[in-house]
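Work through the exercises below with the structure in view. Try each task before reading its solution.

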Amino acid sequence: MSISFDPDNRLWLLCGATTAYALRLDQDDTVRHVHWGAPISLDQAALLPTRVSPAASSFEADAGVDELTADGGARFGPAGLQVRWADGGRGVEWRYLRHEADDGHLRIELADRYYPLRLTLHYRMRGDVLERWTSVHNLDERDPVTLLRCDSAGWAVPERPDYRVSHLVGGWNSEFQLRRTAVPVAETVFTSRRGLTSHHANPWLAIDDGTAVEEHGEVWSTALAWSGSWRVTLHRDPVGRTTWTGGFGHEGLVWTLAPGERLETPIFAGLYTAGGFGAASRAWHDYVRRHVLPDPDETRPVLYNSWEATGFDVTEEGQRDLARRAADLGAELFVMDDGWFGARSGEHAGLGDWTPNQDRFRYGLTPLAAEVHRLGMAFGLWVEPEMVNPDSDLYRAHPDWVLHMAHRRRTEMRHQLVLNLARPDVAEWTHGWLDALVGEHGVDFLKWDANRAFTEAGWPGADDPDRLWIGHTRAVYRIMDRLRADHPGLRIEACAGGGGRADLGILTRTDQVWPSDNTDPVDRIGIQHGFSQLYPARVSGAWVTDCPNVTTARTTPLRFRFHVAMAGVLGLGGDLGAWSERDRKEGAELVAAYKLIRPVVQHGQAYRLGGSGTLTAVQYVLDDEHVVLAWCPTRRFGHGSPALRLTAVQPDAVYRDLDGGATYPGALLRESGLPLDLPAGDYASALVRLRRVA
Ligand code: DGJ
């Protein structure tokens, strides 16, 4: 990891072990993109030609590619920085001030040539991931500056014959569906306007030239660390340049920088690899573990969650019974979901009244927490701190605390409204009850949910109401950070009606994510596949639930459900009282089996594998230990138990199956594959533990 500077060419080079990134200062003091890809030297970077448009004319700029495209001059693509000055003028013209580099962090400071606005472009290498962000400072003592757009970074890939984008789409119950499609000659917008990261798009994308596969090919990939609304605009121009710019906020939102005020954007991280989509994912996983998660070395416990078992029908006796059964199966963390507080016996009421329901918990939560702890488990609680039901004491007392606008109706979704956490008083109140809840009841774990998008996002009386879009998310971050600092043992799961808030920003202060409310194992294979493009198994909550599945009505064997859920942080989410003796025995064995493989799944590297037909698998590797989880939802007549070719084995090494005892030369595991003894019929699965023995 190094940063070097060539003063003659006004050129910077940032290097990781397998990648290099170069940028330079142009004659007009604009910072231009030079290189992002394989390692090169500073001398070589100086020889790279400026990437001007080959189609320059009086209708087209011939300048190079900007590191952060500011509105102004002959620029006609999507702008990453758009400014409106107090005198009504627009556009920016840069003047270079200085640069500084320390601890792998490069800061390039620019100012507008006329207006007192300062911009700092930040670059920080974290292994092979380049973190970038922007800060803007209004130095004017009298006038505000309106930021119509302030992105974290712009990215560019070198010229290739073609471009393809990989991205994630979805909806509630169908998050993280991976799509790979040719980049159109157009501006393609990936965005959330929902105030949350969203189920519908995730702020991650990967670009390749259309030929990359799982194990080889060049891939350029970026991910935004932000949990509110966001926008990434990908632009392929007719002469083959492909660039993208992204940051927080969706189109139409503005931020008025008061005199003296500074705005810092979230991190937009970028990663280049020549090793295909698999290597890109492994590098992301490594980055998340080393530089994002607050407690990355921990091993996540096996969790039990009561939601699918009880819905809102929560009672102390019922929870105690579930806790006992969960402990018998080997659960290490018991989470009581929705329904424990206020008048919350359904979706209609109680949200916001965060005191234990007296009828359900006569002596409060302490006896249940004590029982869970006595059973040897940690105690977790579901909360939804950003929301309120209109039918609640909180809303009756503070109807002005929610996002709302004069003369507009307050749209309810799931019978709830959104609290305006950008208001310091509301944020303080929210922190207060969470802090007391955690402190008084010995809460070890919070499942932090958020079950609706923003609408009528107004803040009557505020000077700059749009800033609530960013302020709300920042308040969520601050509350989580404070809770963690004051309760060092507290762990948090990020949830927003399933996977509506999974991103690098929330993962900076949470320990795991609930990727989807869809717990059907067949659907979940696809969800986990998409999720794994960026996020490691270590953060992927996965429950084994009952059949027929509540979402899909599909019935699958218990073993298959377990094997799919073992590819993440295993959890149990069924009505354990209804499990047969046989299921309980098998369940306990499978939980024990998970605990054996857990270090490899949660701390190892993941290799996604494809087989014939519907067979897919993931191979996890930690030192000499290998775990293969393989799933085959259905097989056609004449197609026997398929072998699975492993990619993460050394051809000249020997591997022993720790359960069956067989040994396999690595070369054969690579070429003809690992024989899988899959049971006949649909929903077949296998768990294989291998150790490299020679
Ligand atoms: C949505 C979550 O995703 C579910 O797991 C559950 O916690 C419900 N909310 C509770 O209301």
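Contact here means heavy atoms within 4.5 Å. The model is predicted.

**Exercise 1. Which elements do the buried residues of α5 pack against, and where on the helix do these residues sit?**

Step 1. Look up the helix: α5 covers residues 366–374, and Leu368, Ala369, Glu371 and Val372 are buried in it.
Step 2. Check their directions around the axis. They lie on the same side of α5, because the arc they cover is only 160 degrees.
Step 3. List the partners. The buried residues of α5 pack against two helices, α4 (316–329) and α7 (424–441), and two strands, β23 (333–336) and β24 (378–383).
Step 4. Follow the chain past the helix end. Just after α5 comes Gly376, with a positive phi of about 90 degrees.

**Exercise 2. Find what span the 17 residues of helix α2 should have, and compare this with the model.**

Step 1. Helix α2 runs over residues 276–292.
Step 2. The rule takes 1.5 Å times one less than the number of residues, so the 17 residues should span 24 Å.
Step 3. The end C-alpha atoms of α2 are 23 Å apart, which agrees with the expected span.
Step 4. For its surroundings, note that 13 of the 17 residues of α2 are buried, so the helix is mostly covered.

**Exercise 3. Is Asp464 buried or exposed, and which residues is it in contact with beyond its neighbours within four places in sequence?**

Step 1. Place the residue: Asp464 is in the loop that runs between β27 (445–448) and α8 (468–486).
Step 2. Apply the cut-off. Buried means under 20% relative accessible area; Asp464 has 10%, so it is buried.
Step 3. Set aside the neighbours within four places in sequence. Asp464 is then in contact with Val254, Trp255 and Thr256.
Step 4. Look at the polar atoms. The Asp464 side chain reaches the backbone nitrogen of Thr256 at 2.9 Å, and it makes a polar contact of 3.0 Å with the side chain of Arg467.

**Exercise 4. Examine the backbone at His415, Asp623 and Pro548.**

Step 1. Recall the background: most residues other than glycine have a negative phi, and most peptide bonds are trans.
Step 2. Take His415, in the loop between α6 (393–397) and β26 (417–418). Its phi is positive, near 60 degrees. His415 counts as partly exposed because its relative accessibility is 30%.
Step 3. Take Asp623, in the loop between β33 (616–622) and β34 (625–632). Asp623 is not a glycine, yet its phi is positive at about 55 degrees. With 69% relative accessibility, Asp623 counts as exposed.
Step 4. Take Pro548, in the loop between β30 (541–544) and α10 (558–565). The peptide bond that joins Cys547 and Pro548 is cis, with omega about -10 degrees.

**Exercise 5. How many helices and strands does the chain have, and what does the radius of gyration say about the chain?**

Step 1. The chain has 12 helices and 39 strands.
Step 2. Its radius of gyration is 26 Å, close to the 26 Å from the globule rule for 694 residues, so the chain is as compact as a globular protein of that length.
Step 3. Along the principal axes, the C-alpha atoms fill a box of roughly 75 × 70 × 40 Å.
Step 4. Of the 694 residues, 59% are buried.
Step 5. Consider contacts between residues at least 6 apart in sequence: 68% of these join residues at least 24 apart.

Note on methods
Residues numbered from 1 in each chain as written. Predicted model: local features only at pLDDT ≥ 70, side-chain atom pairs only at ≥ 80, totals over all residues. Heavy atoms only, no water. Helix = DSSP H or I, 4+ residues; strand = E, 2+ residues; numbered from the N terminus. Buried < 20%, exposed > 50% of the residue type's maximum accessible area, 1.4 Å probe, protein only. Polar contact = N/O pair within 3.5 Å; in protein donor to acceptor, adjacent residues only side chain to side chain. Rg over C-alpha atoms; globule rule 2.2 N^0.38 Å. Arc of directions from axis to C-beta.
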